[in-house]
Amino acid sequence: MAEPSPGGTGVADVPLAGPAHERVTVVLITWQRREEALLAVRRLLSLPERPRVVVLDNGSTDGTAEALRARHPEGSPGADRLDLIVLPENQGAVARNTGVATAATPYVAFCDDDTWWDPGSLERAADVLDADPRVAVLTARILVEPGAVEDGIVTELRESPVQGAPGLPGPALGSFLAGASVVRRDAFLQVGGFSRRLWLGGEEELMAADLAAAGWELCYLEDLTIHHQASVLRESDLRRRHGIRNTLWFTWLRRPVPAALRRTRFLLRTVPRDRTSALGVTDALRGLPWLVRERKVLPPHAEARFLALEASQEASSSRVYDDR
């Protein structure tokens, strides 16, 4: 298949063919959730697509790595498709960069330890990405478990106001949800993956902006389904603190001043007035020196995506900075 130009407008000569496991690798990150990680890996290894699964253990101290090795010893079913990488420290979302670098397939499906892909979704994603080399990211429909209820964010994805190129396989998006997306490996590597500074919490927005700036498309695809049963083992305050910080950092790294001011005012007006929010804002202010050095405003075609999202983001009940 012909590779896209940096503007993402290449044309495929012949779509890739072959079984899904030769086209999609699953990259799963986990930290301090041994039982959930074991269940997530079992579900992934049982998928009919038989994908290779790369688990990034973010320095867990609860025996996650040891339990995975014991549960999937050499010679056991699926063990030949499981790669376990134990990181020396918790790298948050940045651990996915290591997983993508390890993958030998053109596409990578992300997964968290409290999510799992529907059978057939990975093959469908590979087929769609084969067919349209403009697309860098496909985001799936998210079903909340137990009960398989659509996540509230799905309606926003389905009704996205972003204007993409004609003939895309689904609604164009301004950003994406990493734990529910399949990415084109070359595009991911082209923009450098997830920022080490952002670590975890809204880390997708900066990467999505850089993909759009490079000419790539991001889409929602109704045919893809991922399930999410939120873990009770989470540091909600820290996640919110990082989310506020990262939103402000992205805004001032890439948005024009008028748009950055609008979003900053909205954020400061709507976040809870508590210690966690104050710490998030303080963390963001500490980043001013490098923000000034690395600020690079989006080109008009990429900025238009985020401009189109402003009204829906302000009205959203799914994009709030609470402790969920």
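Is arginine 50 buried, partly exposed or exposed? In this predicted model, arginine 50 comes out as partly exposed, because its relative accessible area is 44%, and that value falls between the cut-offs of 20% and 50%. Arginine 50 sits in the loop that runs from helix 1, residues 34-45, to strand 2, residues 52-57, and although it is not a glycine, its phi is positive, at about 50°.

Let me put that beside a second loop. Alanine 148, placed between strand 6 and strand 7, is likewise a non-glycine residue with a positive phi of about 50°, and with a relative accessible area of 38% it is partly exposed. Proline 146 is found in the loop between strand 6, residues 135-144, and strand 7, residues 149-150, and the peptide bond that leads into proline 146 from glutamate 145 is cis, with omega near 0°. As general background, most residues other than glycine have a negative phi, and most peptide bonds are trans.

Now to the chain as a whole. Its secondary structure amounts to twelve helices and nine strands, and its C-alpha atoms occupy a box of roughly 60 × 50 × 40 Å along the principal axes. The radius of gyration is 19 Å, which agrees with the value near 20 Å that a compact globule of 324 residues would have. Of these 324 residues, 52% count as buried, and among contacts with a separation of 6 or more, 82% are between residues 24 or more positions apart. The exposed area is about 14200 Å², of which carbon and sulfur atoms supply 55%, while the mean positions of the 39 positive and 44 negative charges lie 6 Å apart.

Which residues does threonine 115 contact, once neighbours within four places in sequence are left aside? They are Ala40, Gly179, Ile226, His227 and His228. Threonine 115 belongs to strand 5, residues 115-117, and it is classed as buried because its relative accessible area, 6%, is under 20%. Its side chain also reaches the backbone nitrogen of aspartate 112, at 2.9 Å.

My last residue is aspartate 210, which lies in helix 7, residues 204-213. Not counting residues up to four places away in sequence, aspartate 210 touches Val191 and Arg254, and with arginine 254 there is a polar contact of 2.8 Å between the two side chains. The C-alpha atom of aspartate 210 is also separated by 8.3 Å from that of alanine 302, a residue 92 positions away along the chain.

Terms used. Residues numbered from 1 in each chain as written. Predicted model: local features only at pLDDT ≥ 70, side-chain atom pairs only at ≥ 80, totals over all residues. Heavy atoms only, no water. Helix = DSSP H or I, 4+ residues; strand = E, 2+ residues; numbered from the N terminus. Rg over C-alpha atoms; globule rule 2.2 N^0.38 Å. Buried < 20%, exposed > 50% of the residue type's maximum accessible area, 1.4 Å probe, protein only. Contact = heavy atoms within 4.5 Å. Areas by Shrake-Rupley, 256 points an atom, 1.4 Å probe, with all protein chains shown as cover. Lys, Arg positive; Asp, Glu negative; His and termini not counted. Charge placed at Lys NZ, Arg CZ, Asp CG, Glu CD. Polar contact = N/O pair within 3.5 Å; in protein donor to acceptor, adjacent residues only side chain to side chain.
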